[in-house]
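Let's take a friendly walk through the aromatic side chains of a protein model. Have the viewer ready and follow along as we go.

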Amino acid sequence: MKTALVCGAGGFIGSHMVKRLKKENFWVRGCDLKYPEFDANEADDFVIGDLRDSDTCQQIIDRDFNEIYQFAADMGGAGFVFTGNNDADIMHNSAIINLNLLGVCRKRKIGKIFYSSSACIYPEHNQMDPDNPNCAENSAYPAAPDSEYGWEKLFSERLYLAFHRNFGMQVRIARYHNIFGPFGTWDGGREKAPAAICRKVALAHDAGEIEIWGDGKQTRSFLYIDECIEGTLKLTRFNWTGPVNIGSDEMISINQLVDMVMKISGKKLKKKHIKGPLGVRGRNSDNRMIFEKLGWKPELPLEMGLGKTYSWIEEQVQSSQKQPKTALL
Ligand code: NAD
């Protein structure tokens, strides 16, 4: 039986990866500070542990797994990453997780590990024009990410590449672009734009209004979770290090994203633009390299993924409103 370790298995992408690996009959160990919040854990062995602690890393890496996926990070959407208030935690916690994991992987002579980097590593100056951002893989240097989150991801990419160069460890690095879907954080401050917009629309009364951070003209692309998992498995199982973009190239503005969610919901709402943390003006996944190397790129139209996500978030909103007051205390 093949074995896999999923670090960050209690999070959004990690819990979806565990489910997919179980469908493929892997024996799976997960590790996280917490169990998945919105769904049952499907890992065969789930270690509740802190990966900032090297002993936890030694405990979970007790064999050479066929596949290791590293998703654990202190992260969130714009409201968490772009305010500046969480920078020290973001950099310290995520860097130390990667340092610990790689140190133990080296000691245990681990063959291969996947690392989830981010589109946030790309230089801000290449993403000022909302209609024409440059996120080609080779545009990462000279480096100038617009957040400490991006700098930490870039540092960790380099760390993984150095372990590959110096110790022959096989590493796979993906730069994810805005992954979304059901069973992800949708409330509480760490949620990302698609989830936040679905929640606001689900909460609004028809003909009411919702608040949008900024003028809504900033552009992004959003990748549905199933396609993220597919691309990640393809990269991990292919003989190539990356770093490579895993994202959708269906770029839209935030205003258009809101319109799409309203259409799905059947509600007509007014957009109220307010001040908020924003990030770069434009970003889109450049999928030329992944297609050239793996002969694959994501194809699912945004509206289809958004439909599934909206239905799930609408259910969460409704069931949270039905809870008796005592349960919320
Ligand atoms: P998530 O926050 O849902 O999952 C991360 C998990 O890591 C959480 O469950 C968290 O509890 C866990 N974790 C944090 N600190 C830990 C620690 N010290 N010990 C053990 N576990 C710890 O995030 P996600 O959306 O699933 O993202 C997974 C990875 O992909 C992250 O590294 C993230 O930076 C990267 N990424 C995600 C996106 C996206 O759009 N979701 C985009 C780019 C990159």
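Phenylalanine 114 counts as buried in this predicted model, because its relative accessibility is 0% and the cut-off for buried is under 20%. Its partner, tyrosine 69, is buried too, with a relative accessible area of 0%.

How are rings like these compared? A pair of aromatic rings is described by the distance of the centres and the angle of the planes. For tyrosine 69 and phenylalanine 114, the centres are 5.9 Å apart and the planes make an angle of 45°, so the pair is tilted, since that angle falls between the 30 degrees and 60 degrees limits. If you trace the backbone, you will see that this pair links distant parts of the chain. Tyrosine 69 belongs to strand E4 (residues 67–70), while phenylalanine 114 lies in strand E5 (residues 112–118), 45 residues apart.

Now stay with tyrosine 69 and turn to phenylalanine 71. Both of these residues are buried. The structure holds 10 aromatic pairs, and one of them joins tyrosine 69 to phenylalanine 71 in a stacked arrangement, 6.2 Å centre to centre with 5° between the planes. Add Tyr176 to the picture, and Tyr69, Phe71, Phe114 and Tyr176 form one aromatic cluster.

Aromatic rings also meet charges here. The ring of phenylalanine 167 has the charged end of arginine 106 sitting over it, 3.8 Å from the ring centre. Over the ring of phenylalanine 80 sits the charged end of arginine 190, at 4.0 Å from the centre.

Definitions and conventions
Residues are numbered from 1 along each chain as its sequence is written. This is a predicted model: local features need pLDDT of at least 70, side-chain atom pairs count only at pLDDT 80 or more; totals for chains, interfaces and linings use all residues. Side-chain values use heavy atoms; hydrogens and water are left out. Rings of Phe, Tyr and Trp (its six-membered ring) pair if their centres lie within 6.5 Å; planes under 30 degrees apart count as stacked, over 60 as edge-to-face and the rest as tilted. Buried means under 20% relative accessible area, exposed over 50%, partly exposed in between (1.4 Å probe, protein chains only). Helices (H or I, at least four residues) and strands (E, at least two) are DSSP runs, numbered from the N terminus. A charge sits over a ring if NZ of Lys or CZ of Arg is within 6 Å of the ring centre and within 35 degrees of the ring normal.
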